[in-house]
Amino acid sequence: MAVEEQHYDFTVIGAGPGGYVAAIRAAQLGFQTACIEKEPALGGTCLNVGCIPSKALLDSTELFYQIKHKAAAHGIAVQGLTVDIQALQRRKQSIVHRLTRGIEYLFRKHGVTWLRGTARLVAPDRIEVTDADGGRSMVTSRHICIATGSAPVPFPGVPFDEERVLSSTGALALAQVPDHLIVIGGGAIGLELGSVWLRLGARVTILELMPTILPGMDGEIAQQAEQVFRHQGFDIRTGVQVSAIERHAEGVRVFLQGGDRLEGDYVLVAIGRRPYTEGLGAAELGIRFDARGGISVDAQYRTGVGQISAIGDVIGGNMLAHKAMEEGVAVAELAAGKRGMVNYDAVATVVYTSPEIASVGRSEEELRREGYELRVGKFPFSAAGRARTLEETDGLVKVLADARTGRLLGVHILGPHASDLIAEAALAMEFQASAEDLAVSVHAHPTLPEALKEAALAALGRALHL
C-alpha cells in the first residue's frame, strides 16, 4: 500500500507554546504550514499539565488561604470554610479545555493543519507521521522546526508511577489533600506545587541539594523567600541529598544520606526537566546534541542539517514557555528572510508562589563575578502604601545598575504581583534603560509599581520613602 504524502512549506514538530506559536507566525507570513502533535490536545506540557493547570490550582488555593488567614484583618468573619478538591480539579480542567480549544480555533483561523501523530525525521526535508492507530503518512517540507519540549527527570532508578512517586503531572491531579507531601527539589515546580497542598492543610517537606532553595536566583531574594516560606509552614531542608526512594502500600519512604528517613503519602520528584527527543530520529539524521541532551543550534536556531531548526525546551537556555514562544516567532521570521531574534537578557523568570518571585537580567552574584561595579537599590514592600492596603508586605524590589553607565542590569522582585511588576522591568531592559530612566518615570499612587521606582531611586542614593 502506498504511503500518503503531503507537502508543506513550514512544518513544526510539537504543539507546545513554542511550536504552536511558530506555526501561527509561519502561516501569517504566507507559508503553507502544518503542526504535528501526538497528544489528543494542543498546547503541550505547559497548557495541559504545566503552567496553566498549576496556576489554576495556585489561584484557587491562594483564595482559600487568604479567606482563612487574612480575611479577619479586613474585618471579614468567615465560618465553616471548606474545600471541594473535586470542584477545584474540575475548574482546572475546564480552563485547560477552553484554552486548548482556543489553539484549535487559532489554527483554523490561520490555516494551520494539525497532523495528529508521532513524528520521525527520515531525511532533511521528510517526516514520517504515525497516527494513534498505527497508520503512516509522509510529510515533505521546505522548513522543519523541532519544538518537542521537555520531560520531567525521574529520581535515578525510580520511575514515575503517578500514584505515589509523582512528577508535576501527578501532583496536579491528586484527588485528596495529602497528610505529608515530600518534595525533592526546591526550585519553582517544587515550591509552586508544594504551596498548593500546603495551603489546603498538607504537611510539606522540601528537600534541596543546594545550600539554598531556588538555586540560580539572586541569592538575597532566595534567602528572603526561604524565610517567608518557612514562616508559612514549609519544612525546608537544604544541603541534603536523597539516597533512595521506597514505595510501600501506604505511601513512600525517602532516605537521606547520613541515615535520616522520611515517611510520606507521596513524593514529588521535581529535580528538573530534560529535552525530549525520543523517537525523533534526529541523531540518525546527523543533528548534534549538547552535553545535557538538548539539540545544538546556532544563533539562528539552525541545526546544521538541511532547513531543520529547533526551539524551546529542546535547545539550551531556561525552560520557559514565553522564551519558547519568542523563539517560535523568530524562527518563522528567519525562514521568511526577516530579522528574527530574542533578547535573552530581557526574558523574565517567575515563580508563582505567594509572595511571587520574578527576575529579569542577571543576579548580583553573577554580575560581581563578571567584574561589574554596581549600584544596588532596594525597596521593601513593607514601606509601600498599596502593599499595606493589601496586607501583602513580605518581600522587596532589588535593582542592579552599572555604576559607571547607570544601565539596568538586573531587577529582582519578591512580593505581591511580582509576575505583573516584572513586565515593566523587562521593557526597561529591552530599551536599555538606566536606573534613572526608571526612577524619573511617574508612577501612579498608590500602586505596587511605585516600589520599582523607589528601588531605582535607592540605586541612585535618593530613595524618597526609606
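Which residue forms a salt bridge with Arg253, and how far apart are the closest N and O atoms? Keep in mind that this is a predicted model.

**Exercise 1. Work out the Arg253 pairing and describe its surroundings.**

Step 1: The partner is Glu263, and the closest N and O atoms are 2.8 Å apart. The pair links distant parts of the chain, with Arg253 in strand 13 (residues 251-256) and Glu263 in strand 14 (residues 261-264), 10 residues apart.

Step 2: Now check exposure. Partly exposed covers the range between under 20% and over 50% relative accessible area. Arg253 has 22%, so it is partly exposed. Glu263 has 34%, so it counts as partly exposed too.

**Exercise 2. Go through some other salt bridges in the structure.**

Step 1: Start with the total: the structure holds 26 salt bridges. As a reminder, side chains of opposite charge can pair when their charged atoms come close.

Step 2: Look at Arg25, whose side chain meets that of Glu333 in a salt bridge at 3.0 Å, N to O. This one ties together distant parts of the chain: Arg25 sits in helix 1 and Glu333 in helix 8 (residues 321-335), 308 residues apart. Glu333 has a relative accessible area of 16%, so it is buried.

Step 3: Move to Asp235, which forms a salt bridge with Arg237, the closest N and O atoms being 3.0 Å apart. Asp235 is partly exposed because its relative accessibility is 28%. Arg237, with a relative accessible area of 27%, is partly exposed as well.

Step 4: Finish with a network of salt bridges, which links Asp218, Glu220, Glu364, Arg368, Lys378 and Lys398.

**Exercise 3. Trace helix 4 from its start to what follows it, and say what covers its buried residues.**

Step 1: Begin at the start of helix 4, where a side-chain oxygen of Asp84 comes to within 3.1 Å of the backbone nitrogen of Gln86.

Step 2: Check the span. Helix 4 has 26 residues and runs 38 Å from its first C-alpha to its last, close to the 38 Å expected at 1.5 Å a residue.

Step 3: Pick out the buried residues, which are Ile85, Leu88, Gln89, Lys92, Ile95, Val96, Thr100, Ile103, Glu104 and Phe107. To read that list, remember that an α-helix has 3.6 residues a turn, so residues three or four places apart point the same way.

Step 4: Find the cover. It includes helix 1 (17-28), strand 2 (33-37), helix 2 (44-49), helix 3, strand 3 (113-116) and helix 6 (188-199).

Step 5: Look past the helix. Gly111 follows helix 4, and its phi is positive, near 75°.

**Exercise 4. Identify the nonpolar surface patch that includes Leu81, and place Leu81 in the fold.**

Step 1: Leu81 joins Leu63, Ile67, Ile76 and Val78 in a nonpolar patch on the surface, and together they have about 400 Å² of accessible area.

Step 2: Leu81 belongs to the loop between helix 3 (51-70) and helix 4 (85-110). With 34% relative accessible area, Leu81 is partly exposed.

**Exercise 5. Is Ser150 buried or exposed, and what does it touch?**

Step 1: Locate Ser150 in strand 7 (residues 150-152). The cut-off for buried is under 20% relative accessible area; Ser150 has 9%, so it is buried.

Step 2: List its contacts. Leaving out residues up to four places away in sequence, Ser150 touches Thr45, Arg273, Arg274, Pro275, Tyr276, Asp313 and Met319.

Step 3: Zoom in on Asp313: a polar contact of 2.7 Å joins its side chain to that of Ser150.

Terms used
Residues numbered from 1 in each chain as written. Predicted model: local features only at pLDDT ≥ 70, side-chain atom pairs only at ≥ 80, totals over all residues. Heavy atoms only, no water. Patch = residues over 30% accessible without salt bridge, like charges linked within 9 Å, V, L, I, M, F, W, Y side chains within 5 Å. Areas by Shrake-Rupley, 256 points an atom, 1.4 Å probe, with all protein chains shown as cover. Salt bridge = Lys/Arg side-chain N within 4 Å of Asp/Glu carboxyl O. Helix = DSSP H or I, 4+ residues; strand = E, 2+ residues; numbered from the N terminus. Buried < 20%, exposed > 50% of the residue type's maximum accessible area, 1.4 Å probe, protein only. Expected span 1.5 Å × (residues − 1). Contact = heavy atoms within 4.5 Å. Polar contact = N/O pair within 3.5 Å; in protein donor to acceptor, adjacent residues only side chain to side chain.
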